[in-house]
Amino acid sequence: MSRIRTLAVVGAASASALALMISPASAAGTSIHSGSISGPLYSGGVTATNLGNVTVTTSLSNATCTSAVQSGTVNSDGTNLNVTSASFSGCTSSLGSVTVTAQSLPWTGGSVVYAPVSGGRDGTITVGNFTVGATVFGISCVYSGTLTGNGYNPDNPNRPNTVAQAQAQISNGTVNKKSGSGLCPATATVNATYQLVGANGEQLWASS
């Protein structure tokens, strides 16, 4: 039964992971561009697709999702990122598959903040107000919360994956139980990496 608890939160891991184009903090001084860092300002759709497995770990066990895709919109100054859709698949553990569904969409209030660190990220990315449910063997759990990750421009040599797209990485992020069975653990630790592109596949860049 302990592994059932972990399966129930794997959806929160995946979802959080769009995780990744956003921060409730003020995005003053941030500009989003398409095509290159000097390209035109970009406002519009953003799609986040996982790079590698999304993993969730609790004090009881762990689980993975092999595919997670989220879509939303963002303003050219990095404000008002809204996640409008999210889907997850390939979520498994030693017990088998788990059904993961996004709830309470859209998830609003996100932003991208340009905050470069020498030898590291180009900015911070946070998703707030996401809510995800998961069910396995009839046991359902709902998780909700805010995750913050590092953001990378397509040419940053320190980006997590060699793919030449903007990327977001959540490392040891925490999500909290909102409702569900008493078998659901109170928290889970999330690790995930996503690539981020515009509505028509444009490269996205952040600058000041």
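The following paragraphs describe the confidence, fold composition, surface and disulfides of a predicted model.

The mean pLDDT of the protein is 83, and 85% of its residues reach a score of at least 70. Confidence falls below 50 over residues 1–28. This stretch nevertheless has 132 contacts in the model beyond near neighbours in sequence.

The secondary structure of the protein consists of one helix and 13 strands. In sequence order the helix is followed by the strands, giving the pattern α-β-β-β-β-β-β-β-β-β-β-β-β-β. Contacts between residues at least 6 apart in sequence were also examined by separation. Of these contacts, 68% join residues at least 24 apart.

The protein has 208 residues, of which 50% are buried. Its accessible surface amounts to about 8000 Å². Carbon and sulfur atoms account for 47% of this surface.

A search of the whole structure yields two disulfides. When the bonded cysteines are numbered in sequence order, their pairing is 1-2, 3-4. The two links are described in turn below.

One disulfide is formed by cysteine 65 and cysteine 91, with a distance of 1.9 Å between the sulfur atoms. The link connects distant parts of the chain, since cysteine 65 belongs to strand 4 (residues 62–74) and cysteine 91 to strand 5 (residues 81–93), 26 residues apart. The angle about the S-S bond is 105 degrees, and the link of cysteine 65 and cysteine 91 is right-handed. Both cysteine 65 and cysteine 91 are buried.

The other disulfide joins cysteine 141 to cysteine 184, with an S to S distance of 1.6 Å. Cysteine 141 is located in strand 10 (residues 139–152), whereas cysteine 184 is located in the loop between strand 11 (166–180) and strand 12 (187–198); the pair therefore ties together parts that are 43 residues apart in sequence. The disulfide of cysteine 141 and cysteine 184 is left-handed because the torsion about its S-S bond is about -85 degrees. Cysteine 141 and cysteine 184 are both buried.

In terms of handedness, the model thus contains a right-handed link at cysteine 65 and cysteine 91 and a left-handed disulfide at cysteine 141 and cysteine 184. As regards location, cysteine 65 and cysteine 91 each lie in a strand, while the link of cysteine 141 and cysteine 184 runs from a strand to a loop.

Terms used:
Residues are numbered from 1 along each chain as its sequence is written. This is a predicted model: local features need pLDDT of at least 70, side-chain atom pairs count only at pLDDT 80 or more; totals for chains, interfaces and linings use all residues. Side-chain values use heavy atoms; hydrogens and water are left out. pLDDT is the predictor's confidence in each residue, from 0 to 100. Contact means heavy atoms within 4.5 Å. Helices (H or I, at least four residues) and strands (E, at least two) are DSSP runs, numbered from the N terminus. Buried means under 20% relative accessible area, exposed over 50%, partly exposed in between (1.4 Å probe, protein chains only). Accessible areas come from the Shrake-Rupley method with a 1.4 Å probe; for residues, only the protein chains shown count as cover. A disulfide is a pair of cysteine sulfur atoms within 2.5 Å.
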